[in-house]
Amino acid sequence: MSGIKRMTGYRYIDRVKTTDIITVLYMVVTALYMLVFGKMLEELLIPMIVRIVVITLVGILIFIESKRETSVLKFIHLFYPILLLTYFYGETAQFNHFIFSTNLDSIVYGWEDKLFGFQPSIEFSVRFHQHWFSELLHFGYFSYYLLTIGVSVTFFILRPALAEKVIFVIVTSFFIYYLVFIIFPVVGPQYYFSYPLNEIVDTGVFSRAVKLVQYYGEHPTGAFPSSHVGMIVIFLYLSYGNIRWLFWIIVPLFVLILMATVYLKAHYAVDVFAGVLSAPIVYFLSKMFYGQIQGKLNR
């Protein structure tokens, strides 16, 4: 009888993915953070309910897939953490004042002054105000919103054996950045500066598209380091040795995003440098976590 239970247990374990483990782990870690540092219980109610619901749905998904494996179920099981990233990013704006009561933009602002003697996020758009240039950088910035799902889907279709690892690295890298945002709250020029210094007046197609996405998906959080920059460097790492043509598509977008994050006042220039410098560390940690979790599941 115990042998039957053991086999049944392994059948469920075989359906558990590394992405399930890291997603649940992130939710548990942030839940503990909320309970330890949170000051008002009513603020924690919805995030806690979300965690209970997500963990329950993950368990149901594993159970269903153990009974019947289809390509649709496999796709959903791999990609649900990607779909949760926007929600978890928004949460960081709710949790990032548990330790520091105010944003730390004044510190980063001071770094800018010491390094450059001026604020690049202000001067850049003033000196290069041409409509075509603004649209080009807005296009680059908008492309970032498509890259996370685009890279993941491309690997799922063309390199299915690597899809889980790639999605794990992407999701885990985002989670690492989110933890930094929670502990080190910096909102960036678009929230820290006063009008009109905090925005660019432009009516192009991509500028309106960026504004629309920011209106519904952006939050006063996550400026330092720039996860936009850090993640696109990680996309370059992932694609270079596996799907070379994808790498060459991402390279020009990387250049545009480097400039756009500052031009659009989403980030300070030092955020960009920190994004580039942090990417190899975050990538290494994500790959290390994948190896450790994969090793545990395969025992």
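1. Ala, Val, Leu, Ile, Met, Phe, Trp, Tyr, Cys and Pro count here as nonpolar, Asp, Glu, Lys and Arg as charged, and the others, Gly among them, as polar. By those classes, 15 nonpolar, 11 polar and one charged residues make up the lining of the largest pocket. Keep in mind that this is a predicted model.

2. Confidence comes next. Mean pLDDT for the chain is 91. A value of 70 or more is reached by 96% of the residues. Residues 1-9 stand apart: pLDDT stays under 50 there. The model also gives this stretch zero contacts beyond four places in sequence. I would read nothing into how that stretch is drawn.

3. Now the largest pocket. Its space comes to about 530 Å³. The lining has 27 residues. Closest to the centre are Thr 86, Tyr 89, Tyr 144, Tyr 145 and Tyr 178. Six helices each give two or more residues to this lining: α4 (71-95), α7 (131-158), α8 (160-183), α9 (189-192), α10 (205-217) and α11 (227-240).

4. The second largest pocket has a volume of about 290 Å³. Its lining holds 13 residues. Nearest its centre lie Gln 190, Asn 198, Glu 199, Lys 211 and Gln 214. By class, the lining splits into five nonpolar, five polar and three charged residues. Helices α9 and α10 each supply at least two of the lining residues. Which element gives the most? That is α10, with five residues. Both α9 and α10 also appear among the elements that line the largest pocket.

5. The largest nonpolar core has 75 residues. Val 151, Ile 170 and Tyr 178 touch the most other members. Tyr 178 is also one of the residues closest to the centre of the largest pocket. Elements giving two or more residues to the core are α2 (18-37), α3 (41-67), α4, α7, α8, α11, α12 (244-263) and α13 (269-297). With 14 residues, α8 gives the most.

6. Ile 170 is a good place to look inside this core. Which residues does Ile 170 contact, leaving aside its neighbours within four places in sequence? They are Ile 82, Thr 148, Val 151, Ser 152, Met 231, Phe 235 and Leu 238. Val 151, in that list, is another of the residues that touch the most other core members.

7. There is also a second, separate core. This one has 10 residues. Among them are Leu 104, Val 108, Tyr 268 and Val 270.

8. Two peptide bonds before proline deserve a check. The bond from Tyr 195 to Pro 196 is cis, with omega near 5°. Pro 196 sits in the loop between α9 and α10. Phe 224 and Pro 225 are likewise joined by a cis peptide bond, with omega about -10°. The loop between α10 and α11 holds Pro 225.

9. Lys 265 has a phi near 65°, a positive value in a residue other than glycine. Its place is the loop between α12 and α13. Is Lys 265 buried or exposed? Lys 265 counts as buried, because its relative accessibility is 3% and the cut-off for buried is under 20%.

10. Val 213 is in helix α10. Its relative accessible area is 28%, so Val 213 is partly exposed. Val 213 and Tyr 145 are 68 residues apart in sequence, yet 8.7 Å apart in space, C-alpha to C-alpha. They are also in contact. Phe 142 and Glu 218 are the other contacts of Val 213, leaving aside neighbours within four places in sequence.

11. Compare two pairs that are each 80 residues apart along the chain. Asn 242 is found in the loop between α11 and α12. The C-alpha atoms of Asn 242 and Leu 162 are separated by 9.0 Å. Asn 242 touches Leu 162, along with Phe 155 and Arg 159, not counting residues up to four places away in sequence. Asn 242 is partly exposed, at 29% relative accessible area. Val 126 belongs to helix α6 (residues 120-127). From Val 126 to Phe 206, the C-alpha separation is 19 Å. Val 126 counts as exposed, because its relative accessible area is 53% and exposed means over 50%.

Key
Residues are numbered from 1 along each chain as its sequence is written. This is a predicted model: local features need pLDDT of at least 70, side-chain atom pairs count only at pLDDT 80 or more; totals for chains, interfaces and linings use all residues. Side-chain values use heavy atoms; hydrogens and water are left out. On a 1 Å grid over the protein atoms alone, a cavity is a set of points where a 1.4 Å probe fits but cannot get out, and a pocket is an open set with protein on both sides within 12 Å along at least five of seven lines; lining residues have an atom within 4 Å of a point. Grid points are joined across faces, edges and corners, and a volume is the space filled by probe spheres set on the points. Helices (H or I, at least four residues) and strands (E, at least two) are DSSP runs, numbered from the N terminus. A nonpolar core is a set of buried Ala, Val, Leu, Ile, Met, Phe, Trp, Tyr and Cys residues joined through side-chain atoms within 4.5 Å. Buried means under 20% relative accessible area, exposed over 50%, partly exposed in between (1.4 Å probe, protein chains only). Contact means heavy atoms within 4.5 Å. pLDDT is the predictor's confidence in each residue, from 0 to 100.
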